[in-house]
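Trainee: I am new to this structure and should like to understand the terms used to describe it. May I ask for the reasoning behind each of them?

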Amino acid sequence: VFDINQLYKQTGAFTFDPGYTSTASCESKITFIDGDEGMLLHRGYPIDELADNGDFLEVCYLLLYGELPTKAEKADFDYRVTNHTMVHEQMNRFFTGFRRDAHPMAVMCGVVGAMSAFYHDSTDITDPRQRMIASLRMIAKMPTIAAMAYKYHIGQPFVYPKNDLDYASNFLRMCFSVPCEAYEVNTVLARAMDKIFILHADHEQNASTSTVRLAGSSGANPFACIAAGIACLWGPAHGGANEAALNMLAEIGTVDRIPEFIDRAKDKNDPFRLMGFGHRVYKNYDPRAKIMQKTCHEVLKEVGNEDDELLNVALELEKIALTDEYFIEKKLYPNVDFYSGITLKALGFPQEMFTVLFAVARTVGWIAQWKEMIEDPNQRIGRPRQLYTGAEKREFVPIDRRG
Ligand code: ACO
């Protein structure tokens, strides 16, 4: 049996890898990233081909089952997801326990964590049928819960799902329609929303996915595991980066101020970083950023805001950074978050919803990775080791003798 303490004692060798930059925690067949080439594949299919030709539920099917669906399989899958979009009526009352101005991410953490109390008939992880029902429930209900968190946050009544609409259109309607006013889904914006969901569907062992796997490795139920993933995603270095990128573009404000911010990003004495630039794995252009840039243009054109100043700042910033020695040498390219903030703003979402939207999209990645782990015969509880740097063994001193 491999014992790292013994190995350490005998040889002085120890795997110490802060941030897990070069430690694989699992085997996976779901997503492949070649960071040097700027390549992202789901089950072997390039992300740009999936985003251009598929829809989000098709990608969900691919991630869960490993193959693209036939027409009949797709129709059946859409039907099964659609039939799970409603949440239990008692969950409405759960929402109303939060402060009226609660942050939607805080509400997401609580409500998704509570799902196992409402749907405990799909928490037996040893039953493959229950695992699949839980997976479909998560994918189907997440947009409903997210839209409810948003409506609650802005003090509007909940809008129930309308299941003859596609996934993205249904979500936009639940967020933006108001009682007594007709709401027509804009197909260009719905397609853009769908693409944004596809681009965020999975990204192998990022922090939140690793959190879901680690939580699940103890046998915790899938709803609890996804709630753990949501908590992890909330951080500004992960799901919150698009909000930070949008704030930065607003702070720069005009194209003429870009050089000042480029200089700040290069200054080692200034903690400022170009948000939406750089990635732990991509040392080339993030392939999702290219699609997001195109989607951003489409959305701004559709909402009649093609001359958006933030977009002009973003395009110029990208141009300057990509020709700057510092960014070339450190291989810092725009990541998916660089253009997603502007796009989501143009779609009508306030900044506090950005990470929530990311959670809706990533739910399929989390659940597919969780299922793959549970179904792996070599699965063991995750238990990282540590390099202890504290005090050596010492004797307890009673309190009246401590000076
Ligand atoms: N602006 C300026 N310099 C940067 C930036 C940046 N955005 N990113 C990295 N650098 C520099 C660092 O200062 C460091 O320089 P040094 O070698 O002289 O010390 C070098 O590049 C390497 O940076 P690390 O932080 O060590 O790289 P790491 O892989 O740990 O970090 C990260 C990746 C966190 C994404 C980083 O690039 C960053 O902070 N970017 C801005 C935030 C952001 O956009 N996050 C979104 C990530 S994508 C996602 O979650 C969907």
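Mentor: Please do. This is a predicted model, and its protein chain holds 18 helices and three strands.

Trainee: What makes the protein chain as compact as a globular protein of that length?

Mentor: The radius of gyration is 23 Å, and the globule rule gives 22 Å for 403 residues; the two values are close, so the chain is as compact as a globular protein of that length. Along the principal axes, its C-alpha atoms fill a box of roughly 75 × 55 × 50 Å. Buried residues account for 41% of the 403 residues.

Trainee: Why is Ile342 called buried?

Mentor: A residue is buried if 20 or more other C-beta atoms lie within 10 Å of its own. Ile342 has 27 such atoms within 10 Å, and therefore counts as buried. The residue belongs to helix α17, which covers residues 337–347.

Trainee: Which residues does Ile342 contact, leaving aside its neighbours within four places in sequence?

Mentor: They are Leu246, Cys296, Asp308, Leu310, Leu311 and Ala314. By contrast, the C-alpha atoms of Ile342 and Glu395 are separated by 59 Å, although these residues are 53 apart along the chain.

Trainee: Which residues does UniProt list for "active site"?

Mentor: The unreviewed UniProt entry lists His279 and Asp337 under that heading.

Trainee: How do you know that they gather at one spot?

Mentor: They span 59 residues in sequence, yet no two of their C-alpha atoms are more than 10.4 Å apart, so they gather at one spot.

Trainee: Is His279 buried or exposed?

Mentor: There are 23 other C-beta atoms within 10 Å of His279, and the cut-off is 20 or more, so His279 is buried. His279 lies in the loop between α13 (258–266) and α14 (287–302). Residues up to four places away in sequence not counted, His279 touches Asp286 and Asn335.

Trainee: And why does Asp337 count as buried?

Mentor: The same cut-off of 20 applies. Asp337 has 27 C-beta neighbours inside 10 Å, and so counts as buried. Asp337 lies in helix α17 and touches Ala241, Asn242, Ala245 and Gly276, again not counting residues up to four places away in sequence.

Trainee: Which residues come nearest to the ligand?

Mentor: Of the 17 residues around the ligand, these are Ala241, Arg273, Phe277, Gly278 and Arg280. By class, the shell comprises eight nonpolar, five polar and four charged residues.

Trainee: What makes β1 and β3 edge strands?

Mentor: The open sheet has three strands in the order β1-β2-β3, with antiparallel pairing. β1 (31–34) and β3 (45–46) each pair on one side only, and they are the edge strands.

Trainee: How do you know that β1 and β2 pair?

Mentor: Two strands pair if there are at least two bridges between them. Four bridges join β1 to β2 (residues 39–42), so the condition is met. Among the bridge partners, Thr31 is matched with His42 and Asp34 with Met39. The two strands form a hairpin with four residues between them, and Gly38 in the turn has a positive phi of about 70 degrees.

Trainee: What makes helix α3 mostly covered?

Mentor: Eight of the ten residues of α3 (residues 56–65) are buried, including Phe56, Cys60 and Leu64. Just after α3, Gly66 takes a positive phi of about 95 degrees.

Terms used. Residues numbered from 1 in each chain as written. Predicted model: local features only at pLDDT ≥ 70, side-chain atom pairs only at ≥ 80, totals over all residues. Near = placed C-beta within 6 Å. Nonpolar A, V, L, I, M, F, W, Y, C, P; charged D, E, K, R; others polar. Buried ≥ 20, exposed ≤ 12 C-beta atoms within 10 Å, placed from the backbone. Contact = placed C-beta atoms within 7 Å. Rg over C-alpha atoms; globule rule 2.2 N^0.38 Å. UniProt positions renumbered as here; feature names shortened; annotations may be inferred.
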